[in-house]
Amino acid sequence: MTTTAPIHPNVHVGEPPALLLDGITKTYRSKAGAVDALRGVTYHFHRGSFTAVMGPSGSGKSTLLQCAAGLDKPTTGTVLLGGTGLHGLSEVALTKLRREQMGFVFQAYNLLPSLTVYDNVALPLRLTGKRPRRDEVHQVLDQVGLGGMARRRPAELSGGQQQRVAIARALITRPAVFFADEPTGALDSTASRQILSLLREATDRAGQTVVMVTHDPVAAAYAERVLFLSDGLVAGSLDRGTPQQIAAAMSDLER
Amino acid sequence: MFFLSRQTVRRHRSLYAGSFVALAVGVFLLGLAATATAATIAYDAPPGSSIPVSLPGYDGEPARTVDVPLSGEDASGLQVVLSMVGVISGFITIFVIASTFAFAVAARRREIGLLRLIGATPGQIRRMVLGEALVVAFAASATGTVLAQLATPLLLAKASYTELAPVKLEPASPWLPLAIAMGAGMVVAMLGARSAARRAGKVGAVDALREAALEPPRIGPVRIGFGVLFLAGGIVLLSLIRPSSGEAAAPLAMFTPMLLVIALTLLAPLVVPWIGRLWAIPLVAWTRVSGRLARSNVVAAPRRSASLAAPILGISAIAGSMVLSLSFVADAAAATIRDSVLAPIVVTAPAEESASPAAGSGRPDRELRERILQTPGVAAVDGSIPLRLIRTDSDSAELEDAEGIDLTVAPKARRMTAVEGDLSKLAGKTVAIGKEMAGFEQYEVGDEIPVTYTDRSTDRLKIVAILADAFGVNASLIIPEDLARAHAPNAQPAQWFVLPADGVSPDSVVAGLDQNLAGSGADAVPAAVWEAAQDEGVRQGNQLGLILLLGPAALYSAIAIVNTLLMGSLQRGHEFVTSRLLGATPAQIRRMVLWESTLVGVVALSLGTAITVTVGILIRHAMTDGLADVAVTVPWGPLLGIAGTCLVLAVGAALAPTAVILRHSHPSAAAAE
């Protein structure tokens, strides 16, 4: 383990972070009793960063992602996205913030099977009430290497192609932050490489911020920083690690 | 969002096929009722068959003249039945559409969650579901109206010259009625889709990420509130079924179950698991694993079980209540007739003569009367003169049955107990009326009723007595014989009530009458036989009404039951394949589905039975007030038939798609997926 907990080094002075988590806890209550999924996470994701979140099963990494994206409400603590607090936002306001500022890529490709590739990608724009420009949609499709597939339906595509459609859909609104939950979990290594390169490009070229939950050290190595979670707490981080270093850190954590 | 609605409907064809068929059939029935009603309205009675009656008007309403058709030569009977068919069809349509749409939304939780995730607001989701409803509703309503237009001539040909419409009906201009049916279909669909849309709007973005699509077990306070409200309304209506409600009891028996059905459907997610657990006790005891699985599936998904149970509950409660109530009403009518006939012998008039009293010539009734009186042992005979007259209010005119009686005999042959006033004063321009009419019209002894006879002369008749009701034996207006004879010179009695002399046995009188009346066409029978024949007539009439009213509703519900269960099973392909991978044999899965659908069916039927029994008991109590020894005729055949059909449909509709899914899902294929 290289560093533990000191957060401040990753804050750029004078520039507000793209995403700020401050003292996030999340407790699930059920008949069986309370479960603490997150026990106080504070972290700043700065603009243009690509961060992988890793941890053993049950370490709270998916909960962290859902709280950060406003899909779930933290029990205590605040989330600031581009300076806007998510707490206290109405469902509609949260939805609007989500469609303007956030992009999502998940393990299940989450495309609407009834729509063509073109319509799937154009959907977020339509939802905001804008009329999507054809060249805009085609440009994004070209960017993910799916030019010429616009009229296909998701069922006619491979898993990797579907995932690239999902990325194109997330790219079209030019979101400030990308949330990715195991984006390569269901893909072979070639398709995985393409997806991760696309995410990498988003940070390098457009200055977008990517937060990716993964359990795959190879995928995590595309990020410039890996954040390790354990038992609902940040257990440490690793900058510019190789897959081998990341895997070693993970097995330390699981021990 | 409309472009999305169009696409999703196309994608979820199987989900919406049910809603489409249900709505198209509903609009078809509504459209048929509307065009046929238009035909009855357009029907012009031939000149001379109606009598103009002038109404005085009151409270600022101007005096006016209305034409009252005579001798039932119109289609008003058909109109009443059609409007009831319309009401029942409309009700069941809302009901079915609401549950199929709710189902369609529940089945697409993840997809809706995904839309929320990529930025659809709850309002946009609601509009999308409503847009889907609009697409389906438009297509289905259009199909239904076209079919209705095609079927109208057929229906009118069938309905012409029947008891309900003894005239020839021609199709009228279809545009207005069909526009109404189409509009009604759209409105009904949108109403049905509204609650589904609201529920869809509540799906959260995070639902897109949840693999398990287990629904939230609780239902909202609004739904509970409405459920309790409808339940209260139903209970209020139940409390109205009282001895004093008289003829209103029958419509109450139709509408009360509707309210209770709505209430129970709204509360079903709370109620169904409990009853399901109860019924599952023997099931779990008898079977090894399939019964236990079936119970968990029914109990753990209360909303799904509730929407599967809804159409079965609906039709069993409504049809059951009507069948049972009408039978009990007939029981009470039979008892009334039994108690009201005092004479031990009844002579029925020759059939062909009584069918057309005006055609008789030469006063054959005088001759018959003499023949009866000359029979040894006959002391007196009560043969009243039937006639129709128009009773006028300040604002309406009704054709009523009346009879002219011989005051010296009739009160001995039939029960004519005066509740108020004195029947012996019936002479000159006077009338005695039944208690129920007095109650509805608020007549009192001493009031004068304006009447118009069929010979177009008018009179004012003074009420001298209000009599205990004796439907089927006494007419609702009783006037002196002379007055009746004066305005209906050719009328002759439909039956004679015969009083034997003291000490003479009725049997010997019947034998004597048979001999004496031979060749006249008249028939002498003991009173009990005549009463039984009257009862039989009432029940046959009821049966016709039930077939007309419930036929379309039953057809419709059958479609709904098949529809929901079919959808329910088709949605579970994935679950079945997983179970197969875990080592369940196809037979085990089939048994599970069998028990599950049976359980849902039995739960729905037990709720339907509860409603039926409650309504039946109250109707019986209301109708048998003041009567002793009323027979209890429970129409087991139709009732068990309804229950059996519901169960067979439910189980069949659940098993058929399961078999198809299982055939296409060998475990090897599933593993490769």
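Q: What is the relative accessible area of A:Arg126 in this model?
A: A:Arg126 has a relative accessible area of 29% and is therefore partly exposed, since that class lies between under 20% (buried) and over 50% (exposed). The model is predicted.

Q: Which residue does the side chain of A:Arg126 meet in a salt bridge?
A: Side chains of opposite charge can pair when their charged atoms come close. Here the partner of A:Arg126 is A:Asp119, with 3.1 Å from N to O. A:Asp119 is buried, at 13% relative accessibility, whereas A:Arg126 is partly exposed.

Q: How many salt bridges does a search of the whole structure find?
A: Over all chains, the search gives 19. One of them pairs A:Lys26 with A:Asp72, whose closest N and O atoms are 3.4 Å apart.

Q: Which parts of chain A does the pair of A:Lys26 and A:Asp72 tie together?
A: To read such a pair, place each partner in its element. A:Lys26 sits in strand 1 (residues 19-30) of chain A, and A:Asp72 in the loop between helix 1 (61-68) and strand 4 (76-81) of that chain, so the salt bridge links parts that are 46 residues apart in sequence.

Q: Are A:Lys26 and A:Asp72 buried or exposed?
A: A:Lys26 has a relative accessible area of 10% and is buried. A:Asp72 also counts as buried, at 16%.

Q: Where do A:Arg205 and A:Glu201 lie?
A: Both belong to helix 6 (residues 189-206) of chain A, four residues apart, about one turn of the helix. Their salt bridge has its closest N and O atoms 3.6 Å apart. A:Arg205 is exposed at 60% relative accessibility, while A:Glu201 is partly exposed at 28%.

Q: Which residues do salt bridges that share partners join into one network?
A: In chain A, A:Arg133, A:Asp135 and A:Glu136 are joined in this way.

Q: How many residues does each chain give to the contact of chain B and chain A?
A: An interface can be read by its residues, then by its area. Chain B gives 22 residues and chain A gives 23 residues. About 2100 Å² is buried between the two chains, 69% of it on carbon and sulfur atoms.

Q: Which residues form a salt bridge across the interface?
A: The rule finds one salt bridge there. A:Glu91 pairs with B:Arg116, and the closest N and O atoms are 2.2 Å apart. Six residue pairs are found in polar contact across the interface, with both residues at pLDDT 80 or more.

Q: Which helices of chain B each supply at least two residues of the side that touches chain A?
A: They are helix 1 (2-11), helix 4 (109-117) and helix 5 (122-159). Helix 4 of chain B provides the largest share of that side, six residues. Sorted by class, the side of chain B that touches chain A holds 13 nonpolar, five polar and four charged residues.

Q: Where does B:Thr145 lie, and is B:Thr145 buried or exposed?
A: A single residue can be read by its element, its accessibility and its contacts. B:Thr145 lies in helix 5 of chain B and is buried, with a relative accessible area of 9%.

Q: What does the side chain of B:Thr145 reach at 2.8 Å?
A: The side chain of B:Thr145 reaches the backbone oxygen of B:Ala142 at that distance. With neighbours within four places in sequence left aside, B:Thr145 is in contact with B:Val27, B:Leu178, B:Ala181 and B:Met182.

Key:
Residues are numbered from 1 along each chain as its sequence is written. Chains are lettered from A and ligands numbered from 1 in the order in which they are written. This is a predicted model: local features need pLDDT of at least 70, side-chain atom pairs count only at pLDDT 80 or more; totals for chains, interfaces and linings use all residues. Side-chain values use heavy atoms; hydrogens and water are left out. Contact means heavy atoms within 4.5 Å. Buried area is the accessible area (1.4 Å probe) that two parts lose on being put together, summed over both. A salt bridge is a side-chain nitrogen of Lys or Arg within 4 Å of a carboxyl oxygen of Asp or Glu. A polar contact is a pair of N or O atoms within 3.5 Å; within protein, one must be able to donate a hydrogen and the other to accept it, and residues adjacent in sequence count only if both atoms are side-chain atoms. Ala, Val, Leu, Ile, Met, Phe, Trp, Tyr, Cys and Pro count as nonpolar, Asp, Glu, Lys and Arg as charged, and the others, Gly among them, as polar. Buried means under 20% relative accessible area, exposed over 50%, partly exposed in between (1.4 Å probe, protein chains only).
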